[in-house]
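This report describes the fold, the strand pairing and the nonpolar cores of one protein chain. The sequence and the model are shown first.

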Amino acid sequence: MNQSCMYFGIETGDGWYNLIDELCEKFITIEKLTGIQVVFRQIKEKNAELAIHHEEHCPKPLMGEEDARCWFDIISELVDYTEYKSNYVCEECGERRNKTHARGSWLYALCNICYKAFVKERFGEDLITEEEDSDGEKRQVFGSKDGADSEVQSKEDETQEGSS
Ligand SMILES: [Zn+2]
């Protein structure tokens with residue numbers, strides 16, 4: 001790991017480590033090309049998404065102000081894209097996730113397996129229930145019986161809590 005990417009203040013699960021690492025590699029390349037150093041001020045989870053606070057340092061300017069501003073924009077876009085990608089990665093295990101789990105007003109950036117384990121450990125509930133379909137065939141259903149959990153598909157859904 002290059003020292004120019006400062007890893008202090010990471011407050012997320014290990015599952016997002018690769019996303020942060022990939023971003024770091026790009027910043028190392030940018031530093032080689034431009035002399036611009038990117039320093040992470042804080043990396044945390046916010047609303048089930050990565051939130052990366054960064055700063056640029058230009059100790060040995062290799063370019064004019066206008067070009068530097070363009071590179072700052074590129075750096076910000078790379079940060080934004082990494083934050084966006086975290087919506088599809090489990091914060092705990094790094095596997096792909098397709099949705100955000102919500103419990104009351106809390107959002108969890110976890111895949112089904114990690115969310116199930118979390119709920120079992122924290123609340124002592126098993127989220128897998130057996131249901132019989134019309135053919136009398138048994139199948140396993142994910143989700144709690146009391147409706148305490150819901151899924152959030154988009155940011156707009158955050159205010160609606162699904163416990164009716
Ligand atoms: Zn997971």
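## Strand β8 and its sheet

Glu 151 has its place in strand β8. The model discussed here is predicted. With 13 other C-beta atoms within 10 Å, Glu 151 is partly exposed, because a residue counts as exposed at 12 or fewer and as buried at 20 or more. Not counting residues up to four places away in sequence, Glu 151 touches Lys 99, Thr 100, His 101 and Ala 102. Its C-alpha atom is separated by 9.6 Å from that of Tyr 108, although the two residues are 43 apart along the chain.

The strand order β5-β4-β8, with antiparallel pairing, defines an open sheet of three strands. At its edges stand β5 (106–108) and β8 (149–152); each has a single partner strand, so one side of each is left without a neighbour in the sheet. On average, and with direction ignored, neighbouring strands of this sheet are turned by 35° against each other. Strand β4 (residues 100–103) is joined to β5 by three bridges, and the two run antiparallel. One of the bridge pairs consists of Arg 103 and Trp 106, the latter in β5.

## Overall composition

The protein contains three helices and eight strands. Starting at the N terminus, its elements follow the order β-α-β-β-α-β-β-α-β-β-β. Of its 164 residues, 21% count as buried. Among contacts between residues at least 6 apart in sequence, 52% join residues at least 24 apart.

## Pairing of β1, β2 and β3

Strands of a sheet pair through backbone hydrogen bonds, and the pairing is either parallel or antiparallel. Strand β2 takes part in both kinds: it pairs with β1 (residues 10–11) in the parallel sense over two bridges, and with β3 in the antiparallel sense over nine bridges. In the pairing with β1, Ile 43 of β2 stands opposite Ile 10. In the pairing with β3, His 54 of β3 stands opposite Phe 40. Together, β1, α1 and β2 make a left-handed β-α-β unit.

The hairpin of β2 and β3 has two residues between the strands. Asn 47 lies in this loop, between β2 (37–46) and β3 (49–57), and Ala 48 lies there as well. The table sets out their backbone and burial values.

| Residue | Phi | C-beta neighbours within 10 Å | Class |
|---|---|---|---|
| Asn 47 | near 50° | 12 | exposed |
| Ala 48 | near 65° | 21 | buried |

Both phi values are positive in a residue other than glycine. Asn 47 counts as exposed because it has 12 C-beta neighbours inside 10 Å, whereas Ala 48 is buried, with 21 other C-beta atoms within that distance.

## Nonpolar cores

Eleven residues form the largest nonpolar core, among them Trp 16, Leu 19, Phe 27, Val 38, Phe 40, Ile 43, Leu 50 and Ile 75. At least two residues of this core come from each of α1 (17–34), β2 and β3. A second, separate core has ten residues, including Cys 90, Tyr 108, Cys 114 and Val 119.

Two residues of the largest core also appear in the pairings described above: Phe 40, opposite His 54, and Ile 43, opposite Ile 10. Leaving aside neighbours within four places in sequence, Trp 16 is in contact with Leu 50, Ser 86, Val 89 and Glu 91.

How values were computed:
Residues are numbered from 1 along each chain as its sequence is written. This is a predicted model: local features need pLDDT of at least 70, side-chain atom pairs count only at pLDDT 80 or more; totals for chains, interfaces and linings use all residues. Helices (H or I, at least four residues) and strands (E, at least two) are DSSP runs, numbered from the N terminus. Two strands pair if DSSP finds at least two bridges between them. Axes are lines fitted to C-alpha atoms, for helices over the stretch in contact, and angles run from 0 to 180 degrees between N-to-C directions. Two residues are in contact if their C-beta atoms, placed from the backbone, lie within 7 Å. A nonpolar core is a set of buried Ala, Val, Leu, Ile, Met, Phe, Trp, Tyr and Cys residues joined through C-beta atoms within 7 Å. A crossover is right-handed if, with the strands pointing away from the viewer, the path from the first strand over the helix to the second runs clockwise.
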